[in-house]
Amino acid sequence: MNVGTSDRGGVRILTLENPPVNALSFALCAQLLPLVEAASADERIKGVVFTGASGIFSGGADVNDFSTEPTPETKTIRDVIDAIERSEKIFAAAIDTNALGGAFELALACDYRIGTPRARLSFPEIQLGLLPGAGGTQRLPRLVDVQEALQIMLKATRLTAEEALAKGILDRVGDDAVETAIAVIGDGRKRRLSERKAILPKGVVPQALPFIVSQAHKMVPPEGKGGYAAHKLVDAVEAAVTLSFKHGLAREFRLFDELVRSKPSMALRHVFFAERALSKIPGLAGAHATNVAQAAVIGGGTMGTGIAICFADAGIAVTVVEPVDEQVERAKQTIFGMYAHQVQRGRLTQEEAWTRGRSVRFTDDYGELKECDLVVEAVFESMDVKKDVFAKLDAVVKPGGLLASNTSTLDIDEIATATKRPAQVLGMHFFAPANIMKLLEIVRGKATSTDALATAFAVGKKMRKVAVLSGNAFGFIGNRMLFDYAREAVFLAEEGVPPYRVDAAMKAFGFPMGPFAMFDLSGVDVSWHIARARPDVMTGRTKIVDRLYEMKRLGQKTGAGYYRYDKSKGGGREPIRDASVEALFAQEAERAGVAQRSNVSDDEIVQRCVYALINQGAALLEQGIALRPGDEDIVYVYGYGFPPHDGGPMWYADEVGVKSVYDAILHFRETLGAHWQPARLLEEIARSGGTFAAYEAKEPAHA
Ligand code: 3HC
Ligand code: NAI
């Protein structure tokens with residue numbers, strides 16, 4: 001970490017050098033501050049250019065610093081900006097690629113901002129449960145109007161150089177930003193944003209400000225549902241208009257300080273780091289990832305089509321093997337429709353859409369897969385069918401080609417026995433819709449080589465997926481935890497809690513949909529098949545799933561499942577409470593001797609469903625199926641809609657207190673039955689007064 005200094009004809013160039021993203025850490029700011037002060041005191045100097053080393057301006061404040069308590073000696077971006085504000089020199093920011101958060105704020109404190117064509121400016125603070133806390137909420141509304149500033153900060157908009165230039169945020173764009181900045185300083189003058197007034201949108205009178213502010217408050221989620229920071233951000237921007245610059249800054253700082261210490265921000269920062277830890281896998285550092293130039297997908301059904309789109313979007317040519325003509329037609333229409341929609345929305349050019357569309361080919365001949373580097377199988381969920389496919393693939397695909405299965409529940413090791421290359425067999429479990437959902441579970445069989453894993457991770461990165469390593473357990477990480485969550489939801493309904501109430505409680509907790517709406521979306525037939533395959537995992541007390549299956553109430557697709565669906569309402573996707581299903585639950589419960597309860601609180605519903613996730617999460621860690629609690633959190637945040645401001649189930653367990661979760665589970669065991677057996681790891685952590693976060697610091701069990 002260092003700040004490079006050099007002089008060019010009366011201009012001092014200060015280069016931020018703090019790999020990997022030139023974060024403006026407390027330590028870097030402590031170096032930068034005296035350099036700014038020295039330049040300001042140097043009579044030979046007309047101005048100062050800030051730039052970043054290694055092709056990036058800066059990723060902003062160091063997120064790690066937010067977890068350390070500053071001392072009176074600590075220097076922050078705010079101190080550097082104050083020194084700029086006090087100086088009579090002319091400052092310019094020369095921005096290549098990213099200027100994020102505090103780095104964007106540093107640039108706003110400068111008199112001029114110059115970007116290369118690759119410059120990207122944004123305020124990602126809101127994604128960390130924060131607001132721009134180094135003057136951004138006060139300076140941006142003095143450069144663009146209040147409404148636009150709010151949009152940019154609330155949506156964490158990533159402005160391109162072109163957009164920033166058009167909005168007047170960048171003054172110039174040039175291939176050599178430093179050279180341009182030096183030239184600009186030559187003829188420049190002081191232009192402090194702090195001396196300007198905040199800008200109201202055209203045609204808006206000052207009296208209308210309360211309306212703009214109240215609209216902004218309405219636009220963002222409620223405080224307890226992920227909007228905690230957003231409301232404070234709106235308050236800070238309001239201060240930019242109603243208070244003096246100095247008082248606005250003080251207000252911003254107070255709000256920022258509250259947010260840094262807030263639970264939602266700590267949880268979101270955990271998600272940020274947990275996501276970046278995913279690819280750090282013991283033993284994988286020296287592994288060699290093969291370049292995947294040619295891929296194939298077996299099965300052009302729901303998942304196969306989505307996976308083919310993922311390859312095409314990643315610039316990898318893909319051949320889809322699908323024997324049924326109707327399915328081929330449907331897949332082509334899906335792909336065509338999806339790209340046409342993207343072009344319509346301005347997300348892709350027509351040319352790019354053609355290129356991607358053309359990179360997907362269909363065939364029914366396995367012989368065409370000889371040269372494939374990676375094949376992802378997505379045929380029916382049947383071990384016999386999959387083994388047959390893998391044997392065929394093993395015979396035709398070149399040696400070294402990877403064979404992956406998208407199975408949701410089947411044993412990767414058993415699938416691998418159908419081949420002579422078990423080291424090249426693994427799971428790549430996509431989530432539906434595969435081309436939209438960011439989560440990808442990469443499943444390691446007992447023989448899977450580290451090179452194969454490295455290749456799968458590299459492909460996941462190209463597809464912009466969030467890839468999580470899982471051991472080969474039934475349901476892997478996500479679905480294995482989900483089975484226990486689902487069990488509790490069904491048990492609650494058997495005890496007389498109507499499905500709509502279970503769903504409402506889980507939605508109030510923060511899930512985008514409740515468990516029963518989710519069962520109806522994925523299909524009651526899917527639950528039925530899983531329950532038959534693994535009755536030990538999908539423990540049921542009643543025959544409710546069998547009954548619904550026999551009645552062909554398979555969920556949304558048949559217009560009825562746990563709910564009714566009406567095509568004329570919400571396109572047949574809106575769950576409508578169905579008293580007949582509640583009666584069916586009561587009947588089945590009576591037959592199975594499950595006592596009815598009238599006193600189940602919403603808290604109990606949430607605890608039983610969420611603690612079931614936590615308990616299984618602990619068991620999977622103990623078994624080495626999941627590497628880290630953070631990996632499980634990421635699976636739940638990205639794959640199942642667990643509220644990110646609660647950090648994922650394992651982070652949430654720490655927040656509630658692992659001991660409280662453990663005690664509740666013991667109570668459930670006593671009152672609800674022996675299926676509530678606390679996982680050994682949960683018990684250990686509870687007894688020692690520890691946390692899952694601390695477990696994270698230990699050597700992972702699964703290497
Ligand atoms: N602080 C600390 N570490 C950071 C960081 C930051 N702001 N930004 C990135 N990193 C670290 C990552 O943790 C990762 O570390 P690792 O190699 O040990 O895992 C490494 O840098 C590389 O990060 P990525 O894997 O994300 O690399 P990419 O090249 O894909 O992306 C990036 C680079 C676009 C800069 C991306 O990392 C990013 O978006 N970072 C977050 C930036 C951010 O949120 N900044 C705002 C901070 S809050 C702030 O500035 C407050 C201010 O208002 C006072
Ligand atoms: P699907 O029924 O929509 O598609 C399967 C396709 O495979 C059909 O088009 C069929 O004609 C084709 N097929 C069958 N045998 C074949 C063979 N021998 N060679 C080539 N093609 C063959 O099924 P879906 O939903 O796409 O599921 C596929 C796999 O993905 C399953 O293993 C499933 O468990 C898994 N999965 C499904 C998810 C979902 O939400 N649907 C989510 C994640 C995984």
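Biologist: In this predicted model, what makes the pairing of ligand 1 with Gly-59 a polar contact?

Modeller: A nitrogen atom of ligand 1 is 2.8 Å from a polar backbone atom of Gly-59. The cut-off for a pair of N or O atoms is 3.5 Å, so the pair counts as a polar contact.

Biologist: And which other residues pair up with ligand 1 that way?

Modeller: Among them are Ala-61 and Arg-276. A backbone N or O atom of Ala-61 sits 2.8 Å from a nitrogen atom of the ligand. With Arg-276, the side chain does the job: one of its N or O atoms is 2.7 Å from an oxygen atom of ligand 1.

Biologist: How do you know how much of ligand 1 the protein buries?

Modeller: Take ligand 1 alone and it exposes 980 Å²; the protein buries 71% of that.

Biologist: Which elements give two or more residues to the shell around ligand 1?

Modeller: Those are β5 (98-100), α3 (102-109) and α11 (263-277). The most comes from α11, with three residues.

Biologist: What makes Gly-59 one of the residues around ligand 1?

Modeller: The shell takes residues with a heavy atom within 4 Å, and Gly-59 has a backbone atom at 2.8 Å, so Gly-59 is in. There are 23 residues around this ligand, and Gly-59, Glu-105, Glu-125, Arg-276 and Lys-280 come nearest. By class, the shell splits into eleven nonpolar, seven polar and five charged residues.

Biologist: Over to ligand 2. Why is the pairing with Val-379 called a polar contact?

Modeller: A backbone N or O atom of Val-379 lies 3.3 Å from an oxygen atom of ligand 2. That is within the 3.5 Å limit, so the pair qualifies. Glu-322 has a side-chain N or O atom 2.6 Å from an oxygen atom of ligand 2, while Met-303 offers a polar backbone atom at 2.8 Å from an oxygen atom of the ligand.

Biologist: How much of ligand 2 does the protein bury?

Modeller: Of the 830 Å² that ligand 2 exposes when taken alone, 79% gets buried by the protein. Elements giving two or more residues to its shell are α12 (302-313), α15 (383-396) and β15 (425-430).

Biologist: What does the shell around ligand 2 divide into?

Modeller: Twelve nonpolar, nine polar and three charged residues. Glu-322, for example, goes in the charged class because Glu is counted there.

Biologist: How confident is the predictor in the chain?

Modeller: Mean pLDDT is 95, and 99% of residues reach 70 or more. Over residues 699-703, though, pLDDT is below 50, and beyond near neighbours in sequence that stretch has 13 contacts in the model.

Note on methods. Residues are numbered from 1 along each chain as its sequence is written. Chains are lettered from A and ligands numbered from 1 in the order in which they are written. This is a predicted model: local features need pLDDT of at least 70, side-chain atom pairs count only at pLDDT 80 or more; totals for chains, interfaces and linings use all residues. Side-chain values use heavy atoms; hydrogens and water are left out. pLDDT is the predictor's confidence in each residue, from 0 to 100. Contact means heavy atoms within 4.5 Å. A polar contact is a pair of N or O atoms within 3.5 Å; within protein, one must be able to donate a hydrogen and the other to accept it, and residues adjacent in sequence count only if both atoms are side-chain atoms. Accessible areas come from the Shrake-Rupley method with a 1.4 Å probe; for residues, only the protein chains shown count as cover. Helices (H or I, at least four residues) and strands (E, at least two) are DSSP runs, numbered from the N terminus.
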